[in-house]
Amino acid sequence: MVDLSTDYLGLKLKSPVVVSSTPLSDSSDNVQRMEDHGAAAVVLSSLFEEQLDLESRALDRNLTRGTESFAEALTYLPDYDEYRATQDAYLAHLVQVKNLVAIPVLASINGVTPSGWVKFAQDVESAGADALELNTYSLAINPTIPGKEIEKQLVELVRRVRQSIKIPLAVKLSPQFTSIPNLAAQLDAAGANSLVLFNRFYQPDFDIEALDVMPRLAFSRSDELLLRLHWIAILYGNVKADLAVTGGVHTADDVVKGIMAGAKVAMIASELHQGGIDQLQEIHDRLTQWMEEHEYASFDTMRGALSRRSIPDASPFERGNYIKTLSSYTLRQ
Amino acid sequence: MNNRETVILDANEAVASVAYRLSEVVAIYPITPSSPMAEWADQWKEEGKPNIWGSLPVVAELQSEGGAAGALHGALQAGAQSTTFTCSQGLLLMIPNMYKIAGELTSGVMHVTARALATHALSIFGDHSDVMSCRTTGYAMLCSNSVQEAADMALIAHVASLETRIPFLHFFDGFRTSHEVNKIIPITDEDIRAVLDDKFVIEARERALSPDRPILRGTAQNPDVFFQAREAANVYYNAAPDIVQNVMDRFAKQTGRQYKSFDYFGAPDAERVIILMGSSAGAAEEAITYLMSQGEKVGVLKVRLFRPWDISHFLRALPKTVSKISVLDRTKDPGCVGEPLYQDVMTAVSEGLSEGTHPVIVGGRYGLSSKEFTPAMVVGVFEELKKFKPKNHFTVGIEDDVTFTSLPYDADFSTEDPKTIRALFYGLGSDGTVGANKNSIKIIGQQTDNYAQGYFVYDSKKSGSITTSHLRFGPKPISSTYLITKANFVACHQFSFLEKVDVLECAAPGAVFLLNSHYGPEEVWNHLPLKTQKTIIDKKLQFYVIDGYLVAGKTGMGNRINTIMQTCFFAISGVLPRDEAIEHIKKAIKKTYGKRGDAVVAKNFAAVDGALAELHQVKVPTAADASFDIQPAISSDAPEFVRNVLGTIAAGHGDSLPVSALPAGGTFPTGTAQYEKRNIAQEIPVWDQDLCIQCGKCVMVCPHAVIRSKVFDPSYAKLAPATLKAVKPKWKGMENDLYTLQVAPEDCTGCRLCVEVCPAKSKSEPKHKALNMAPQVPLRETERENWKFFESLPTVNRDVLNHNQVKDVQLLDPLFEFSGACSGCGETPYVKLLTQLFGDRLYIANATGCSSIYGGNLPTTPYTVNKQGRGPTWSNSLFEDNAEFGMGMRLAVDQQDTFAKNMLTRMLPVIGEELGGAILAADQSTEPGINAQRERIAKLKGELSKIDSQDARNLASAADALVRKSVWILGGDGWAYDIGFGGLDHVLASGQNINVLVLDTEVYSNTGGQMSKSTPRGAVAKFAAGGKQNSKKDLAMEAVSYGSVYVARVAMGANDTHTIKAFQEAEAHNGPSIIIAYSHCIAHGYDITYGLDQQKAAVQSGYWPLMRYNPSLRDTGKNPFQLDSKAPSIPFKEYAYHEARYTMLVRSHPEMAKDLLREAQDDVERNWRVYSARAAMPGRGETPNVAPPEKEGAVTPLGQGGKA
């Protein structure tokens, strides 16, 4: 009998398969089904600070537009005593989900201002989140801000959030940093309990007929996993924080790869959108089967087995791998 | 003031608060200026606020005031404490029920914001014409004179009604009192409890209908007993005045505020007394206080209980010493002996004073439609009374140079208390000035011992409107019920106002002047008009500038400079210490905006903090040296009447026009909006002629007809300004001409709809289109010249154009231009299209509402004429009767046509068969046919002018009727779906050749977004704050049910060609037709720059299926029902959730929003099944009870058990 259990962020999980932050979990029913089909934990969808700001400003604009201009219509819409903001709805959903399922529930927030991060972090802690995942996805489009400054701000934010809450803190990173190991070390020192690699960069698509640029959400593919495996394998053993792989995890094999690279958990979302929530059950079953076939009793023996420090020849993770790949490609010509 | 807590509010809120707490049923219907009372009641109900007996009142909107009165009557009969709010024509609709309610001796109160009645013109402003029409209904009538009194009298009215069994009409002056913000002591629940004895409530309940103790009320009576039974009510009326006084006395015991049914103020030994009712009492008291200080023996008798009029109470209140009385009526009763109050006083005096010498009594009119009534006028009236034979039936406040009724007065006389700070603010509707001032009043009124008053004057335009805020603060209660004319503080929040408004006209010497200016303290002087410079120097004003928009931009406030200007006001007015003021402003921001989210509070805080750094005092030079001055509002090339009369109104000096300047009967010329250059757009569209594909879409959607195209002969190009752009036209047969697209730079409102709709993008930089917005100021001069040239170009020959094609139709002259509608209005493009297609033979009957306001509000009007002098003729009767009004026009047109034909037939031997016969047999089904007929008629008139006979003169006067006319009935959904529906339905069933255009915004837009039966399920609206629970009425299908009515549902933004086709088919249909036009509206809660996208989304979602039902297709064996849009391709949510009217419900009632969204989606799908099944019927396919043939997977109509 294999033991699928693992610990992540100090939480005891029944397996390493965690549902990544996805709008699917905006429905409590879906979260219940995720648990029923074997999810070890669920990260709720991200609460975006900008969205709250935009909503607040939009509400203000919509309530004031056209008002106090014309004697017969001093306002156009009824005004209420109070408005339920998205963060209230988010927290209410969190409480509801916590009451519904036994598996750990992680909140996810994406902030912009230091005060925004800290406030929401405390709110989700009070609402009963088992842990918090900081989604640090942002776009550096300002040419006057150097990369170092961006890293500094990020580390400072993590430090401040860490100090403001007691629950475990995961930090979800984007791959677009120059020195990921150095940043990881800084975040480790700032108190991050886990590093989640990597966020996916949502690229808009071009409509060449209408000469327009359209937002497009593409689901991840298994080949995106390679980038994640690469960096987890490099970081494994060099940081205190747990590692989690996300982006491109679609199959039990992908989970195994993630753990062999050094991750505690593998996070999955696109597969559930495409194949349904019950895919979790299939992955769970296949994972058990694979471990039995390969005689792994638990993940402890497997974890990090293919990390940079564990393999006899580390060159595939280094520049040599690049050269090797290129030359083998040339040879095949 | 005693130690009781005070509040700052207007009379509407104060009265509604009392009425709501004393009611179990509130029947409502919107009408200005009473609507806010109904809105408050609806909001409190939504918030779960109980009445005085602990239950939640029912608040129900009816389809009209007539409906509200019926519901009120029913609720009272069935034993519920009930109320309603109304005024003006709405009150008139209640009169039939008022007779019933009073005749049945039923307790119940209605609260009325007294307003002018529509006579020669509509007016939304205050006078007593409406309440005076109710004198004979049997209602008791109680008048209050101020915000405080309105709150107090509301309670007194409810209690007195219960105790007297007589229904009460409590009234106060519309706008002056209803909308004046003042510091008052509110009526608490304890006050109500102390004055109200529930015994009378129980008695009222016991008198009500109940099957448990059945009664019958409302019999028909015969000559034998009706009279006696009517007289049986006398005892109640006889007892009422004493009961009312008793309630007033009990009220005084509880609150310390003593009222009398006739209240006297002034010298106890007064010789001259004026008698009046309403807010004018404030001005009268001020004048009398002054005159008494000068030793004059004068006084005012304020009538509170107008009905039942009690002679003994009246005479007791009148000083015995009085020898001359002037009775002032705020109403006009044409052809009467004297106005109502005058007549009552005359009768009361002659009946009551049986002995001794009677005083001399004269009567006069004042203050119609909120005309200012000032202490100066009161002094004028008292001066007149000094004369041996004072003028009777006079007017005061106007100059009557026709029948010479007016009294002279010294306009400069002022009684303003020097301790009162008077501040005047000129703002733009959209910049938040009024809202900020309302907050300032609250800050000063509530955080200091000062009293505070605010009154706000709005523009009649809905775009680029100027607001004027009149604020008074001081240590004594403020009862000045007139506008400020001597201000200690003047703020101009928009630099561009200086060009056209003399904002310093009312500045007192030494006043502070605050100007929002992008020019700094060093350079601003050189940009001021000469008169402004002179005033600053002559009146020794302290002059400050702030770059409000700079601060607003930096702090994310956009175009809202309210907080910034408010901060500057406090910083330099000295009303409060600066730091203290800023602390209070921030508190007020938190209170006002806190519920909208942290980001909004944060940006306002930033605006406060950023304001002072940009505030600078200007060192005023010693001499004025500007080379330009304030410009007249109307251009100098306008016709004399437009220049002198309309121009005076446009400049804000309409009060100075004498009676002789104004046409009797309310008739005005059309085509006057072109002379009022408003220059309100910050940016205007600029044409890139190389990219343009000449599709005409921009011209079609422009709500203000400011972007137009023409094709012209190249020979004209020689005369064109150098900057005029023109290219080769993309029309067959016009290749040798030139095409130009021109913007009227000074009329554009900058709405951007044209840019949004433009399909032509640059291939290398797609954000650059064939139309792009650019700042107006640098373009103004050149584009003005280009526009002038453009206007001088001949119009394209209509006969060579295809009137079914957008591209061609947009070369037709619009005969509706430059209206004051909202920037980006969704209604006006349809109205404009109507005038392009049929304008030169168009009658318009217009229901009251947005379209009558932008269509016919002075000073200038947008309907205009073509080069031949023909154009739409337009009239507005009322709100409820518009369909019938239009049908009357049709009947008259047809009758005159018949008359002319008869006359012509009779005169054929004289006129000759060739011409006469051709006229009688003319085919006018096409425009060339109509034009040919016009030529024949011209010839006919020429012939007739040579004949000297009565028949010839008669035929000549009626001959134009022989040219085919088009009668259109226009109105919004409030009219078509609710108040006018009965009439509309009748007219559609009449078979008459009339056309109806419903400008469907899905709410009562003009009165501020109240729910109509067109409001969609799930949207919030006033009176549906919890989201509309049921689906929108399908007016199209109701009309289709007749089978003989042409019906179309259109959305220009989704399919403009379809819209044109529908207009053409409707007009061609020889019978009734109705077009229901999706009109995006500011009341939907989004930036209507994107209105056309929303129209498209409404159609794509299936919410607004485009359809036409053309009965004439049946003649050719075809199905008359045509579905013109594709099956839904996006969910309803994707359309709806771009609009705050839907998303607000998510924020306020999330669960309800979810349920209603699901049901709304079901509505869409269900309707689509019905529509598509109907459209799929084969051939004539009109046998309604036969289902279409079942196909595998086909949709099945409702009721056939199908499911999509």
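**Exercise 1.** In this predicted model, determine which way the side chains of β6(A) point and whether they are buried or exposed.

*Solution.* Step 1: sort the residues by direction. A131(A), E133(A) and N135(A) point to one side of β6(A), while L132(A) and L134(A) point to the other.
Step 2: check burial on each side. All of these residues are buried.
Step 3: draw the conclusion for the strand. Five of the five residues of β6(A), residues 131-135, are buried, so the strand is largely enclosed by the rest of the structure.

**Exercise 2.** Find the strands that pair with β6(A), and name the residues that partner E133(A).

*Solution.* Step 1: take β5(A), residues 105-110. This strand pairs with β6(A) in the parallel sense over four bridges. Opposite E133(A) stands S108(A).
Step 2: take β7(A), residues 169-173. Its pairing with β6(A) is parallel too, over four bridges. Here A170(A) is the bridge partner of E133(A).

**Exercise 3.** Trace the chain from β6(A) to β7(A) and state the handedness of the unit.

*Solution.* Step 1: identify the connecting helix. This is α5(A), residues 147-164.
Step 2: assign the hand. β6(A), α5(A) and β7(A) form a right-handed β-α-β unit.

**Exercise 4.** Locate T926(B), classify its exposure and give its C-alpha distance to R964(B).

*Solution.* Step 1: T926(B) lies in the loop between α29 (913-920) and α30 (927-945) of chain B.
Step 2: its relative accessible area is 41%. Exposed would require over 50% and buried under 20%, so T926(B) is partly exposed.
Step 3: T926(B) and R964(B) are 38 residues apart in sequence, and their C-alpha atoms are 10.0 Å apart in space.

Notes
Residues are numbered from 1 along each chain as its sequence is written. Chains are lettered from A and ligands numbered from 1 in the order in which they are written. This is a predicted model: local features need pLDDT of at least 70, side-chain atom pairs count only at pLDDT 80 or more; totals for chains, interfaces and linings use all residues. Side-chain values use heavy atoms; hydrogens and water are left out. Buried means under 20% relative accessible area, exposed over 50%, partly exposed in between (1.4 Å probe, protein chains only). Helices (H or I, at least four residues) and strands (E, at least two) are DSSP runs, numbered from the N terminus. Two strands pair if DSSP finds at least two bridges between them. A crossover is right-handed if, with the strands pointing away from the viewer, the path from the first strand over the helix to the second runs clockwise.
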